[in-house]
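Me: I'm a first-year student, and I would like a close look at one part of this structure. Please start with a single spot, and then lead me outwards from there.

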Amino acid sequence: MGAAGQLNYSYGVDQCRRVVDTLEANGLILHLNPLQEAVQSRGDRDFSDLLSKIEQVCAALPVPVIAKEVGNGISGAMARGLLKAGVAAIDVAGAGGTSWAQVESARATDPLQRRLGSTFRDWGYPTADCVVSVRDVAPHVPLIASGGLRTGLDVAKVLALGADLAGWQCRFCGRQGSQRRR
């Protein structure tokens, strides 16, 4: 898994191909984390023209590319752009799980950065809303729901809403797992 934002910095198609080849990977997950990068003290904040770079990676790799948010969710409009760029599947990873803004707030040494991360700790689209929104624009795309799912009922809800797979973490014991729609 790699940060999609790195496509505007030191990473490109060749590096993505090298990672896939070295690991003999069956796919590549690009994570989208603009809020985390914006809150980081030295975050990579250039997300310009990123969809076209994702499109280049999708076209060049021999394996499917999955787009994954990291806790703030993917809207239907964003999913439409990602699918047009060629991603094969989407993990909406909505709000309610790990708050990377809060993590960056805790790591920050600058009081302003700390306050910024704390301000946005609850920012994002709920996972269930993302599933509905993405399913509306992309009824057949493989869709993973993660982010804030802590019980079997949470998993059942997102699967009923149209997710194909759900990733969860138990709120009681911290155990993680996944469940596929049957």
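Reply: Let's start at Asp49, which sits in the loop between H2 and H3. Keep in mind that this is a predicted model. Asp49 has a positive phi of about 55 degrees, although it is not a glycine. Is Asp49 buried or exposed? Asp49 counts as exposed because its relative accessible area is 52%, and the cut-off for that word is over 50%.

Step along the chain and you enter helix H3, made of residues 50–60. Which of its residues are buried? They are Leu50, Ile54, Val57 and Cys58. Looking around the axis, these residues cover an arc of only 100 degrees, so they are on the same side of H3. Here is a handy rule for reading such a pattern. An α-helix has 3.6 residues a turn, so residues three or four places apart point the same way.

What covers that buried side of H3? The cover includes helix H1 (13–23), strand S2 (28–32), strand S3 (65–69) and H4. Not every residue of H3 is hidden, though. Ser52, also in helix H3, is partly exposed, with a relative accessible area of 22%. That value is not under 20%, which is why Ser52 does not count as buried. Ser52 also gives you a link across the sequence: Ser52 and Gly86 are 34 residues apart along the chain, and their C-alpha atoms are separated by 9.8 Å.

Now let's look at one of those covering elements, H4. Two packed helices are described by the angle between their axes and the distance between the axes. For helix H3 and helix H4 (residues 76–85), the axes come within 8 Å and cross at roughly 40 degrees. An angle of this kind makes H3 oblique to H4. On the H3 side, the contact is made by Leu51, Ile54, Glu55 and Cys58. On the H4 side, Gly81, Leu82, Lys84 and Ala85 take part. Sorted by class, this contact of H3 with H4 has five nonpolar, one polar and two charged residues. Notice that Ile54 and Cys58 belong to the buried residues of H3 and also take part in the contact with H4.

Further along the chain comes another loop, the one between strand S4 (89–91) and H5, and Ala93 is found there. Ala93 makes a good partner for thinking back to Asp49. Ala93, too, is a non-glycine residue with a positive phi, in this case about 35 degrees. Is Ala93 buried or exposed? Ala93 is buried, with a relative accessible area of 2%, whereas Asp49 is exposed.

Gly94 has its place in that loop between S4 and H5 as well. Gly94 is buried, with a relative accessible area of 0%. What does Gly94 touch, leaving aside its neighbours within four places in sequence? Its contacts are Gly71, Asn72, Gly73, Tyr125, Pro126, Thr127, Ser146, Gly147 and Gly148. Gly94 and Leu149 are 55 residues apart in sequence, and their C-alpha atoms are 9.2 Å apart in space.

The loop leads on to helix H5 (residues 100–107), whose buried residues are Ala101, Glu104 and Ser105. Around the axis they cover an arc of only 105 degrees, so you find them on the same side of H5. The face of H5 turned away from that buried side carries the exposed residues Ala106 and Arg107. The buried residues of H5 have a cover that includes helix H2 (34–39) and helix H6 (111–119). And H2 brings us back to where we began, since the loop of Asp49 lies between H2 and H3.

For one last helix to compare, try H8 (residues 152–161), where Val155, Val158 and Leu159 are buried. Seen down the axis of H8, these residues fall within an arc of 100 degrees, so they line one face of the helix. The face turned away from them carries the exposed residues Leu153 and Ala160. Just after H8, Gly162 takes a positive phi of about 125 degrees.

Terms used: Residues numbered from 1 in each chain as written. Predicted model: local features only at pLDDT ≥ 70, side-chain atom pairs only at ≥ 80, totals over all residues. Heavy atoms only, no water. Axes fitted to C-alpha atoms, helices over the stretch in contact; angles between N-to-C directions. Helix = DSSP H or I, 4+ residues; strand = E, 2+ residues; numbered from the N terminus. Parallel < 35°, antiparallel > 145°, perpendicular 65-115°, else oblique. Contact = heavy atoms within 4.5 Å. Nonpolar A, V, L, I, M, F, W, Y, C, P; charged D, E, K, R; others polar. Buried < 20%, exposed > 50% of the residue type's maximum accessible area, 1.4 Å probe, protein only. Arc of directions from axis to C-beta.
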